[in-house]
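Open the model in your viewer and keep the sequence panel visible. The stops below go from one selection to the next.

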Amino acid sequence: MALLVIRKLTHYFGGLRAVANFNLSVQGGELLGLIGPNGAGKTTVFNLVCGFYKPTEGQILFQDKDIAGLRPHAVTAMGIARTFQNIRLWNTLSVFDNLCIAQHFRLGYGLLDTILRTGRYMRRERAVRRTAEELLEIMGLRHYAQEQPSNLPYGLQRRLEIARALATQPKLLLLDEPAAGMNPGEIQQLVETIRWIRQSFQLTIWLIEHHMRVVMSVCERVQVLDFGETIADGSPEDIRRNPRVIQAYLGSEELSHA
Ligand SMILES: Nc1ncnc2c1ncn2[C@@H]1O[C@H](COP(=O)(O)OP(=O)(O)OP(=O)(O)O)[C@@H](O)[C@H]1O
């Protein structure tokens with residue numbers, strides 16, 4: 001069974017067709033890329049999958065259940081987590097608390113458990129703290145546990161965003177331009193982190209990225225959007241040579257730097 005199947009996904013913002021007849025089938029464990037020039041519709045596809053928008057048309061099946069139009073927290077609870085193009089961390093909380101709060105939607109204890117500090121509450125809180133500590137360790141953030149996220153270098157903030165997404169224990173992780181704003185050293189680390197978390201957490205990863213070196217070196221399959229439509233779908237090598245893709249990127253330096 002495919003983990004995610006998207007059929008004929010279409011989305012309009014008023015009269016603007018942002019995504020048109022988008023189709024995709026993702027098997028568990030795949031590492032996929034979604035690319036395309038600015039405004040092609042990539043983030044809109046992620047926003048539709050994550051419940052930020054309700055599609056104008058189409059089906060989004062996750063583990064055979066139609067999730068199109070579910071609220072974002074319900075989508076997260078089903079096992080889909082994401083990061084954002086513009087980092088969205090809780091900057092008034094510490095790094096550690098960012099990782100704890102991310103887990104709270106799935107804890108399953110009520111207000112009374114919290115007030116009375118029941119055994120269930122205490123056990124689950126201990127598990128939350130343990131998971132947060134483990135994530136700090138494996139993502140190399142232990143020294144920053146009590147810092148506010150905005151004090152961290154940019155590359156570490158992105159790392160924290162990935163750690164926070166992992167705290168929700170997803171099956172599918174969506175990364176929206178994870179390399180944006182990173183320097184070459186941070187990008188190299190990111191590439192290694194993406195490969196490592198896929199392997200260690202047995203995750204399926206779908207990423208949007210403008211850095212072609214990242215796309216070409218980590219993705220096994222790449223889909224290309226232009227004006228909301230899929231213009232190519234294949235291996236990184238096929239995509240790099242595809243005339244429609246080259247035409248879509250004409251004038252941009254992205255493909256030539258791949
Ligand atoms: N909330 C919105 N309301 C109206 N139009 C929108 C909205 N979000 C996106 N759009 C438009 O939809 C189209 C697709 O935008 P989207 O952000 O999905 O593209 P993208 O491929 O992610 O671009 P980029 O690479 O620049 O992030 C664009 O024309 C954009 O201006």
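Start by selecting L61 and D66: L61 stands opposite D66, which lies in β5. Strands here are DSSP runs of E with at least two residues, helices are DSSP runs of H or I with at least four, and both are numbered from the N terminus. This is a predicted model, in which local features need pLDDT of at least 70 and side-chain atom pairs count only at pLDDT 80 or more, while totals for chains, interfaces and linings use all residues. Residues are numbered from 1 along each chain as its sequence is written.

Now show β4 and β5 as a hairpin. The two strands run antiparallel and are joined by 2 bridges; two strands count as paired if DSSP finds at least two bridges between them. The hairpin has 2 residues between its strands, and Q63 takes a positive phi near 50 degrees.

Next, add β1. Residues 4–13 form β1 and residues 57–62 form β4, and these strands pair in the antiparallel sense over 5 bridges. To follow the pairing, select I6 with its bridge partner I60 in β4, then T10 with its partner E57, also in β4.

Widen the selection to the sheet. It is an open sheet of 4 strands in the order β2-β1-β4-β5, with antiparallel pairing. At its edges are β2 (16–26) and β5 (65–66), each of which pairs on one side only. Strands of a sheet pair through backbone hydrogen bonds, either parallel or antiparallel.

Then select residues 42–49, helix α1. This helix lies across β1, β2 and β4, running at about 65 degrees to β2. The angle is taken between N-to-C directions, on a scale from 0 to 180 degrees, using axes fitted to C-alpha atoms, for helices over the stretch in contact; contact means C-beta atoms, placed from the backbone, within 7 Å.

What surrounds the ligand? Select F13, L16, A18, G36, N38, G39, A40, G41, K42, T43, T44 and Q85; a residue is included if its C-beta atom, placed from the backbone, lies within 6 Å. Helix α1 gives the most to this shell, with 3 residues, and β2 and α1 each supply at least two.

Finally, colour the chain by domain: domain 1 covers 1–79 + 170–232 and domain 2 covers 91–153, with bounds from an automatic or database domain assignment. Their centres, taken over C-alpha atoms, are separated by 27 Å.

Notes: Contact = placed C-beta atoms within 7 Å.
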